[in-house]
Amino acid sequence: MRKQIWKRLGWSITALEDKKKCLVWLFFFFVLQLILQYYYPMTSDDLYFRYGVEISNKNDLFNYVLHFGNGRYLGNSSVLILVRCHWLRALSKAVIMTAIYGELIYLLDLKNELQIAFAGILMLLPSVKMYAQVYVWTAGFQNYIVPIFLYLTAVLCWKKCKEAKENGRKILLGAMIFLTAAPAQLFSENCTLFFAVASVGIGAVEVWKNKKIRKSTIILVVGSILGAGIMTAGPMLLKGDMGGQSNYRKVPRTLEAVFETIYQNGALAGRYLLGCTGLWSIMAILDCISLERLHQDKNRVWTQLRVVAGCGLASLSVIHLIAMDEIVRPDLPKVYFFLFLVEMGYMIGHSWNYFKIGKGDAAILTGAGIFTVLPLLVVTPVSARVFYLTWFIWLMAVLKSISVEGIKRSFVAIRMLMLGMSTGLIIIALEWNAVDTVRMTYVNRLMRENPERESIVLPELPNSRLLQVDADGAYWNYVLHSLGGGKEQISVEWCNWYQWLNVKEPADTEN
């Protein structure tokens with residue numbers, strides 16, 4: 001009876017063809033994302049873009065994006081549009097997340113239902129900080145998820161162009177390569193840098209191997225470089241124009257400051273990447289499986305070191321997820337910097353091991369993930385969202401190296417894990433939405449009573465660890481000014497949920 005139910009739902013390995021199984025998982029993932037994205041509240045910059053920036057016509061939109069100054073033309077403009085339409089925001093984010101999921105399946109050649117299911121689960125398991133800043137926060141999503149989708153689309157079209165024989169199809173795919181590679185560069189700085197280098201690397205490898213370069217590769221390289229040029233030219237050409245922000249990320253000017261920045265950013269990278277519990281847990285499991293072949297390995301010591309490091313990182317990641325802040329205080333960067341060195345050494349070891357056993361794709365992806373971290377060590381500011389690309393590339397490497405036989409016995413557990421995670425995330429999103437609705441009603445009521453109010457008690461939403469900080473005082477100055485129509489600058493002070501329920505007077509608290 002149970003098998004018949006699974007077969008009717010299309011979940012059994014033998015019930016349907018691979019393509020139909022894939023479509024079932026894609027549909028399930030889309031519905032899940034649509035529900036989540038619909039009920040995610042607007043946080044941080046979303047509130048500023050929605051209430052603080054007045055866009056009455058296309059010229060307002062064009063002028064704001066043009067003079068913002070840091071080159072994120074498509075990222076900022078898309079946020080301005082999406083925060084003004086709830087359904088459009090939810091639908092676009094759900095479609096893009098599902099498209100990335102489908103591109104992973106195709107580019108990594110995941111044909112088995114087990115691999116497809118596992119890819120969907122792992123996509124929901126970045127660190128808590130990354131989840132808050134790129135899945136929930138619309139500004140973070142547009143600037144860090146959308147460019148990944150566009151560049152993967154360009155690579156997918158580039159790959160299909162090699163197989164195409166008809167000239168018409170080649171022309172169409174070539175146009176798609178350019179129309180996705182160039183815009184992918186106009187969202188965030190670290191994505192722009194990596195995608196440009198990746199495209200040039202693809203072209204260099206093709207010339208080295210084949211002694212020539214195909215037209216589709218030239219289009220990919222030209223599109224990426226052109227987009228990167230437009231992105232990086234923005235801050236220089238518009239420096240100081242209309243008071244816009246001329247530089248967002250900055251490089252220290254002295255050698256001493258460079259080393260200090262590397263130390264501080266390395267500690268942050270160690271902290272944010274350690275929170276990727278799913279990644280470290282799967283890698284630790286794969287390392288433990290490798291112990292079964294230890295007698296055949298000539299480098300037994302290195303294999304054992306990888307196992308110890310992998311299990312250690314996985315264990316610390318779980319502790320970090322639960323109570324690392326209580327055990328290791330955030331003001332102890334030495335610990336996190338040491339963990340960062342361990343993480344990098346562990347990944348370097350894996351990349352070398354992949355090369356030795358003939359998994360070249362996994363080795364290149366692992367090395368590429370390491371490369372995306374390095375430029376971030378010498379710039380400020382950095383946050384969890386800038387390391388999402390690193391996590392995503394390492395995720396691809398893990399999916400590429402996983403053996404189907406190794407997870408076949410756990411497929412029932414994988415189903416239950418996906419169902420449990422989905423249910424939990426939906427409950428949290430519903431809770432956020434309900435409380436945010438009540439909170440904004442509260443804010444509107446207070447502003448109607450006194451439009452020139454100088455301060456207001458703003459409660460935090462529940463499960464706030466999974467949210468980008470709601471907003472700081474500067475953003476809410478715009479928000480409350482717009483809502484209340486007051487002429488005075490309005491400041492906002494934070495309080496906890498209980499303070500709001502008791503409707504206490506604003507207290508002198510720090511953000």
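Helices here are DSSP runs of H or I, at least four residues long, numbered from the N terminus. Keep that in mind as you click around this predicted model.

**Stop 1: a cysteine in α15**

Start by selecting residues 277-290, which make up helix α15, and pick out Cys288 inside that run. Cys288 is partly exposed, with a relative accessible area of 34%. Now add Cys311 to the selection and put a distance label between the two C-alpha atoms: you should read 8.3 Å, for residues that are 23 apart along the chain.

**Stop 2: helix α5**

Next, select residues 73-82. This is α5, and the helix is mostly covered, with eight of its 10 residues buried. The buried set is Tyr73, Gly75, Asn76, Ser77, Ser78, Val79, Leu80 and Leu82.

Zoom in on Ser78, a member of this same helix α5. Its relative accessible area is 16%, and buried means under 20%, so Ser78 counts as buried. What does the side chain of Ser78 reach? Show the backbone of Gly75 and you'll find its oxygen at 2.8 Å from the Ser78 side chain.

**Stop 3: aromatic pairs**

Time to show the rings. The whole structure holds 18 aromatic pairs. Take Trp25 and Phe28 to begin with: this pair is edge-to-face, with 6.2 Å from centre to centre and 85° between the planes. Both sit in helix α2 (residues 18-39), and because they are three residues apart, about one helical turn separates them. That fits the general picture: an α-helix has 3.6 residues a turn, so residues three or four places apart point the same way. Switch on a surface and the partners part company: Trp25 is buried at 2% relative accessibility, whereas Phe28 is partly exposed at 25%.

Then jump to Tyr135 and Tyr388. Their ring centres are 5.9 Å apart and the planes meet at 75°, so this pair is edge-to-face too. Tyr135 belongs to helix α8 (residues 128-136) and Tyr388 to helix α19, so the contact ties together parts that lie 253 residues apart in sequence. Buried or exposed, these two tyrosines? Tyr135 and Tyr388 are both buried.

Keep that pair selected and widen the view. Tyr135 and Tyr388 belong to one aromatic cluster, together with Tyr40, Tyr131, Trp391, Phe392 and Trp432.

**Stop 4: charges over rings**

Select Lys93 and Phe141. Lys93 lies over the face of the Phe141 ring, 5.3 Å from the ring centre. Then move to Lys162 and Trp158: here the charged end of Lys162 sits over the Trp158 ring, at 4.9 Å from its centre. Leave Trp158 highlighted for the next stop.

**Stop 5: the largest pocket**

The largest pocket has a volume of about 1200 Å³. Its lining has 28 residues, and the closest to the centre are Val155, Trp158, Ile202, Ile364 and Leu365. To see the walls, colour α10 (146-163), α12 (189-210), α18 (360-373) and α19 (388-401), the elements that give two or more residues to the lining. Which of them gives the largest share? That would be α12, with 10 residues. Colour the lining by residue type and you get 20 nonpolar, two polar and six charged residues.

**Stop 6: the enclosed cavities**

Last, look inside. There are two cavities of 30 Å³ or more.

The largest has a volume of about 70 Å³. Select Asn190, Leu193, Phe194, Phe371, Thr372, Pro375, Leu376, Val386, Leu389 and Thr390 to outline this cavity. The elements that supply two or more of these lining residues are α12, α18 and α19. Once again α12 turns up with the largest share of a lining, three residues here. By type, the lining of the largest cavity splits into seven nonpolar residues, three polar ones and no charged ones.

The second largest cavity, about 40 Å³ in volume, is lined by Leu122, Leu125, Gly278, Leu279, Ile282, Trp391, Leu395 and Val398. Two or more residues of this lining come from each of α15 and α19. In the second largest cavity you'll count seven nonpolar residues, one polar and no charged. Trp391, by the way, is a name from the aromatic cluster at Stop 3, and α15 is the helix that holds Cys288, where the tour began.

Technical notes:
Residues are numbered from 1 along each chain as its sequence is written. This is a predicted model: local features need pLDDT of at least 70, side-chain atom pairs count only at pLDDT 80 or more; totals for chains, interfaces and linings use all residues. Side-chain values use heavy atoms; hydrogens and water are left out. Buried means under 20% relative accessible area, exposed over 50%, partly exposed in between (1.4 Å probe, protein chains only). On a 1 Å grid over the protein atoms alone, a cavity is a set of points where a 1.4 Å probe fits but cannot get out, and a pocket is an open set with protein on both sides within 12 Å along at least five of seven lines; lining residues have an atom within 4 Å of a point. Grid points are joined across faces, edges and corners, and a volume is the space filled by probe spheres set on the points. Ala, Val, Leu, Ile, Met, Phe, Trp, Tyr, Cys and Pro count as nonpolar, Asp, Glu, Lys and Arg as charged, and the others, Gly among them, as polar. A polar contact is a pair of N or O atoms within 3.5 Å; within protein, one must be able to donate a hydrogen and the other to accept it, and residues adjacent in sequence count only if both atoms are side-chain atoms. Rings of Phe, Tyr and Trp (its six-membered ring) pair if their centres lie within 6.5 Å; planes under 30 degrees apart count as stacked, over 60 as edge-to-face and the rest as tilted. A charge sits over a ring if NZ of Lys or CZ of Arg is within 6 Å of the ring centre and within 35 degrees of the ring normal.
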